[in-house]
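Hi,

Here is the structure I promised to pass on. Have a look first, and my notes follow underneath.

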Amino acid sequence: MESTEKLTDTNAILAYLYETFPLCFVAEGEAKPLKIGLFQDLAERLADDSKVSKTQLRVALRRYTSSWRYLKCIKAGAIRVDLDGNPCGELEQEHIDHAQATLKESQDKAKAKRAERSKAEGDSADKAPRKPKRKPETQPRRTAKPVAKDKTGRTAPKVQPAAVNLVPAKLEELKVSQRVNVKLGQSPVAGSIVDINKGDVHVQLDSGLTVKVGAEYILL
């Protein structure tokens, strides 16, 4: 078995063993108990193979035989095999007990690590800063009413309702600077005429605003 490619990864070495000795090393499914002293047979069989060294083979074999899959195959009635899959005798009870104890210890350690990891993740979540709960509002917010302002930005004075005896004016009766009332909304608003252009009357209200209306909206 000559090769120039050197294997250094343990998983790659195990894959090589699965391929080279398929009747001994099982890649998937239930493993087979190995012959006692199999490492020596393996070292002799691969002595001329430059892909692996004895040290690498020993590490790979140790990983294979310490796996849960292999430890589970060490049970009553199972037969050990050599590199070619030939039977090499039944397992002794001492070896079965040792394998079961090793398996239980390994599984308990893995379970403890999972529990410790879960606890650590839970503690981290508990220590995370939480946003303070917002107190519910017992009363609805009151929206401020908009304040009317004139052209200068000053608050416009409140306009008192006009007298109820106002009557519509006629266009020919109106003149510039005349005090009038303009019908805007429900209540007339007082102001002074600043310009009359044909049928349009320009009135500057006491609030400072200037409006353009028809004569029919002017009250006297």
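I started with the largest pocket: helix 5 gives the largest share of its lining, three residues. Keep in mind that this is a predicted model. In total, 14 residues line the pocket, and Thr 65, Tyr 70, Ile 74, Arg 80 and His 95 are the ones nearest its centre. Besides helix 5, helix 3 and helix 4 also give two or more residues to the lining. The space inside comes to about 250 Å³. As for the chemistry of the lining, eight residues are nonpolar, four are polar and two are charged.

Those three helices turn up again in the largest nonpolar core, where helices 1 to 5 each supply at least two residues. That core has 30 residues, and Leu 17, Phe 21, Phe 25, Leu 34, Leu 42, Leu 57 and Tyr 64 touch the most other members. Take Leu 57: leaving out residues up to four places away in sequence, its contacts are Ile 13, Leu 17, Phe 39, Leu 42, Ala 43, Leu 46 and Val 52. There is also a second, separate core of 13 residues, with Val 180, Ile 193, Val 211 and Ala 215 among them.

Now the overall picture. The chain has five helices and seven strands, in the order α-α-α-α-β-β-α-β-β-β-β-β. Of its 220 residues, 29% are buried. The exposed surface is about 16,000 Å², with 52% of it supplied by carbon and sulfur atoms. Among contacts with a separation of 6 or more, 54% are between residues 24 or more positions apart.

Cheers

Definitions and conventions. Residues are numbered from 1 along each chain as its sequence is written. This is a predicted model: local features need pLDDT of at least 70, side-chain atom pairs count only at pLDDT 80 or more; totals for chains, interfaces and linings use all residues. Side-chain values use heavy atoms; hydrogens and water are left out. A nonpolar core is a set of buried Ala, Val, Leu, Ile, Met, Phe, Trp, Tyr and Cys residues joined through side-chain atoms within 4.5 Å. Buried means under 20% relative accessible area, exposed over 50%, partly exposed in between (1.4 Å probe, protein chains only). Helices (H or I, at least four residues) and strands (E, at least two) are DSSP runs, numbered from the N terminus. Contact means heavy atoms within 4.5 Å. On a 1 Å grid over the protein atoms alone, a cavity is a set of points where a 1.4 Å probe fits but cannot get out, and a pocket is an open set with protein on both sides within 12 Å along at least five of seven lines; lining residues have an atom within 4 Å of a point. Grid points are joined across faces, edges and corners, and a volume is the space filled by probe spheres set on the points. Ala, Val, Leu, Ile, Met, Phe, Trp, Tyr, Cys and Pro count as nonpolar, Asp, Glu, Lys and Arg as charged, and the others, Gly among them, as polar. Accessible areas come from the Shrake-Rupley method with a 1.4 Å probe; for residues, only the protein chains shown count as cover.
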